[in-house]
Amino acid sequence: MAGSDSKRVVVVGGVACGAKAASRLRRLKPHWDVTIIERSDTLSYAACGMPFFLEGAVPDFKELLSTPAGVIRDANFFRNVKGIQVLTNHLALEVDRAAKVVRVVDSSTGERKEIPYDKLVLATGASPVVPDLPGVDLAGVSPLWTPRNALEIRCALDSGNVSRAVVVGAGLVGLEAAEAMAKRGIKVTVVELLDRPLAALLDGEFGAALAKAIRSYGVEFVPCCRVMGFEGEGGSLRRVITDKGDFDAQLALVSVGVRPNSQLAADSGLEIGPTGGIKVDSHMMTSDPDVYAGGDCVETFNTVTGRPVRQPMGSTANRHGRVIADNLVGMGTCFNGVIGTAVMRFFNHTVGRTGLSEQAAREAGFDPVGVTVTDPDRPHFMAGSAPVVLRILADRNSRRVLGAQLIGTGQVDKRLDTLACAVYGGMTVDMLADMDHAYAPPFSSALDVLTHGANHLRNRLDGLVETVRPSEVAALVEQGAVLLDVRGPGEVEAQGQLPFDGILAIPLGQLDKRIQELPRGRKVIAYCKVSVRGWDAVSILRKHGFQDVAVLEGGVVGWPFNLRK
């Protein structure tokens, strides 16, 4: 029986945010009338799983449409299990806020309808940016955005007719798709307009480290490369034309970004934010108190800076959906922003970022100080021990943790999540250093890489050590700095050497006795495999009166550029 407070809620968009808002609302108010309007024929699918479907790790696309119990989340599921009316293949044309109706068209019949509402939820998502280039409409040129895209690309890959592919854009989806195709034996080239992969997430050094990793797996990465067009034969792609040359390809996956689907909101007079997304408050309410919005179509804010940003991710969209439903029923739940956390696996490497970059921190008025450290994810004596390179950033004055970047073949994700908690919760670097991590040799070292990084940053903040970033070394060597390698015999051959002439190699155990070999009056930069012994070398140098001494951050393992073998 309907309650006296029964309302009609219309949700435009039925993928992540929309489906979550409707489902949460049904649990909170079982007697309310909830309708989802979805322009496609597919609801609530795991779009982030599509690259893994291309690879074959997800054998059947239905798995991306199903509940954990194996039930397809289609219109019948929402109607029969959740009691939610769904209109698939219906495109929302107009929102009449005065009349409180949504005007839609049934794409299959052309029939136009008016759907009345008491409360409206806009979850219209985003659309891929497809550049207007010659040949972009050729068969074989496609984004990876919809289930149809995924099924068509998978069909092409399964046909055996694709031997070479080009991925345009080195963002998260582009790189995941590149890995998927490379694993299937396809020669893949990734071309990127900017100077590094994941440029929106990573700084230059971590971008360089990721680029080196990409190439190590046999995938060609071409930075600073502008695509000029696509050429084909018989209507099908044959090559991609760029300012760095032409690349033969039977498939080109275009992944250069997305734009919010905010036009419906704009046409109805709702306020649009400076980033192009629908402007909402912390309750996900738009400029109309009867209209809420969430997911990829909205503008949110950065928790650390308070500034408007867009974070088009499925995890964010689902969080939005819950907040919207709570506020529709008057619970007053707030969405407290985003901090830019993202993670990606590329073959055996994992890369992630959370919080602010140094540039963003400065622009927000902070005085950022950072260090990069390298440590294994578990003790060296445990099978499977592998390195993690971590850069952690804190504000000089408040010592608050502002952000972090990580890359490595070790377990990155759990460290990233811990750092996201530190950034989100406003922890200081001292608190992070003193955090009581779970410890046992199968999982971590007694002093985890997070603890090591936090302590190293505290040393910098307290003026106890000077560190040099890899990107700073070349200029310092040009100015006369001496590189001091304190690794032991055999390590150089096994690990490689920095690409500079005149490196002074003195194993740490011999440094005290051979101190006269170091020239005085010049800066000395000490390092080893991960630069822990570099810190010990600095102590020895200071004992002998050397003042201008520094540690190379990350050591040889953390060096993001090419090494000499």
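The following questions and answers concern a predicted model.

Colleague: Which element gives the most residues to the lining of the second largest pocket?

Modeller: The second largest pocket has a volume of about 460 Å³, and 22 residues line this pocket. The elements that give two or more residues to the lining are helix 6 (204-216), strand 25 (387-395), strand 26 (401-408) and helix 14 (491-495). With 4 residues, the element that gives the most is helix 6.

Colleague: How many residues in the lining of the second largest pocket are nonpolar?

Modeller: Lys212, His349, Val556, Val557 and Trp559 are the lining residues that lie nearest the centre of the pocket. Lysine counts as charged, valine and tryptophan as nonpolar. Over the lining of this pocket there are 3 charged residues and 7 polar ones, and the number of nonpolar residues is 12.

Colleague: What is the distance between the end C-alpha atoms of helix 5?

Modeller: Helix 5 covers residues 172-183, which makes 12 residues. At 1.5 Å a residue, its expected span is 16 Å. The distance in the model agrees with this expectation, at 17 Å.

Colleague: How many of the 12 residues of helix 5 are buried?

Modeller: A residue counts as buried when its relative accessible area is under 20%. Among the buried residues of helix 5 are Gly174, Leu175, Glu176 and Met181. Helix 5 is largely enclosed by the rest of the structure, because the number of its buried residues is 9.

Colleague: Is Asn89 buried, partly exposed or exposed?

Modeller: Asn89 is placed in the loop between strand 3 (85-87) and strand 4 (90-96). Its phi is positive, near 55°, although Asn89 is a residue other than glycine. Most residues other than glycine have a negative phi. With a relative accessible area of 28%, Asn89 is partly exposed.

Colleague: What is the phi of Lys100?

Modeller: Lys100 lies in the loop between strand 4 and strand 5 (101-106). Its relative accessible area is 24%, so Lys100 is partly exposed. Its phi is positive in a residue other than glycine, with a value near 60°.

Colleague: Leaving aside its neighbours within four places in sequence, which residues is Thr316 in contact with?

Modeller: Thr316 is placed in helix 8 (residues 314-328). Its relative accessible area is 1%, so Thr316 is buried. Apart from neighbours within four places in sequence, its contacts are Gln311, Phe335 and Val338.

Colleague: How many residues apart are Arg391 and Glu358?

Modeller: The side chains of Arg391 and Glu358 meet in a salt bridge, 2.9 Å from N to O. Arg391 counts as buried at 4% relative accessibility, and Glu358 is buried at 16%. Arg391 belongs to strand 25 and Glu358 to helix 9 (residues 358-363), so the pair links distant parts of the chain, with a separation of 33 residues.

Colleague: Is Asp501, the salt-bridge partner of Arg564, buried or exposed?

Modeller: The closest N and O atoms of Arg564 and Asp501 are 2.9 Å apart. Arg564 lies in the segment after strand 31 (549-552) and Asp501 in the loop between helix 14 and strand 29 (504-505), so the pair ties together parts that are 63 residues apart in sequence. Arg564 counts as partly exposed at 37% relative accessibility. Asp501 has a relative accessible area of 64%, and is therefore exposed.

Colleague: How many salt bridges does the structure hold?

Modeller: Side chains of opposite charge can pair when their charged atoms come close. One salt bridge joins the side chains of Arg487 and Asp485, at 2.8 Å from N to O, and both of these residues are buried. The number of salt bridges in the structure is 37.

Conventions. Residues numbered from 1 in each chain as written. Predicted model: local features only at pLDDT ≥ 70, side-chain atom pairs only at ≥ 80, totals over all residues. Heavy atoms only, no water. 1 Å grid on protein atoms, 1.4 Å probe; cavity = no way out; pocket = protein on both sides within 12 Å on 5 of 7 lines; lining within 4 Å. Points joined across faces, edges and corners; volume = space filled by probe spheres on them. Expected span 1.5 Å × (residues − 1). Buried < 20%, exposed > 50% of the residue type's maximum accessible area, 1.4 Å probe, protein only. Contact = heavy atoms within 4.5 Å. Salt bridge = Lys/Arg side-chain N within 4 Å of Asp/Glu carboxyl O.
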